Amino acid sequence: SHNMFARILAGPHTGVSRAALQVARKLDLESGGYIHAGWHGEDGAGLNARFGLCPLADTQPAAALRRMVEEADGTIVIFKADPGQEGRLAIDLSRQSGRLCLLLDIHRQTAFSASQELAAWQEIHQIHTLFVSGNTEAECAGIQKQSAELLEAAFFLVMTDLGLSHPLHGPQALGKALE
């Protein structure tokens, strides 16, 4: 396929990361990721079968996130106002390893403009493997659904090459069309 997202990495821990895995599955993108040994959520074998998540021997949550940051071409953190516990850790690990990290605060911009930003970032940096992190539902109710919509829109923009090169760029152009 041409230059676009091919693989989505995410843990099972946050609303944002679960949205990423579900969207990857829906759009037939490869998914994967890591689960630290201390995690007591749903059955690891089931997550492995559904999303390709691999359990690690390491009990530290940071170990799983570090693996995903290092395997990805870039990391995105989707959040509302505060990146939350996993989001902050993903940002720190990206900075420590000198990797690309895009912060999408949907408190400060619309989900649609965030999806355009993500599509443009993918086009500039040629991100094939993307690690997705961000808020939990407990930190921000509704974040899973909003993230799924944002990611699906971004993947669509990338797949249809409507990222940077498209003349109708930005909410202004859409607003004009709706007037």
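This note covers the largest pocket and helix 6 of a predicted model.

1. Pocket volume and lining. The largest pocket holds about 160 Å³ of space. Its lining is made up of His13, Thr14, His36, Pro61, Leu65, Gln85, Glu86, Leu89, Thr136 and Glu139. Two elements, helix 3 (61-71) and helix 4 (84-96), each give two or more residues to that lining. Helix 4 gives the most, with three residues.

2. Pocket chemistry. By class, the lining of the largest pocket splits into five polar, three nonpolar and two charged residues.

3. Helix 6, length check. Helix 6 runs over residues 143-159, 17 residues in total. At 1.5 Å a residue it should span 24 Å. The C-alpha atoms at its ends are 24 Å apart, so the expected span and the model agree.

4. Helix 6, buried side. Which residues of helix 6 are buried? They are Ile143, Ser147, Leu150, Leu151, Ala154, Phe155, Leu157 and Val158. These buried residues cover an arc of only 155° around the axis, which means they sit on the same side of helix 6. The background is simple: an α-helix has 3.6 residues a turn, so residues three or four places apart point the same way.

5. What covers that side. The cover over the buried residues of helix 6 includes two helices, helix 1 (15-26) and helix 5 (111-125). Strands also take part, including strand 1 (7-9), strand 4 (74-79), strand 5 (101-105) and strand 6 (129-134).

6. After the helix. Asp161 lies just after helix 6. Its phi is positive, at about 55°.

Conventions: Residues are numbered from 1 along each chain as its sequence is written. This is a predicted model: local features need pLDDT of at least 70, side-chain atom pairs count only at pLDDT 80 or more; totals for chains, interfaces and linings use all residues. Side-chain values use heavy atoms; hydrogens and water are left out. On a 1 Å grid over the protein atoms alone, a cavity is a set of points where a 1.4 Å probe fits but cannot get out, and a pocket is an open set with protein on both sides within 12 Å along at least five of seven lines; lining residues have an atom within 4 Å of a point. Grid points are joined across faces, edges and corners, and a volume is the space filled by probe spheres set on the points. Helices (H or I, at least four residues) and strands (E, at least two) are DSSP runs, numbered from the N terminus. Ala, Val, Leu, Ile, Met, Phe, Trp, Tyr, Cys and Pro count as nonpolar, Asp, Glu, Lys and Arg as charged, and the others, Gly among them, as polar. The expected span of a helix is 1.5 Å times one less than its number of residues. Buried means under 20% relative accessible area, exposed over 50%, partly exposed in between (1.4 Å probe, protein chains only). The arc is that of the directions from the helix axis to the C-beta atoms. Contact means heavy atoms within 4.5 Å.
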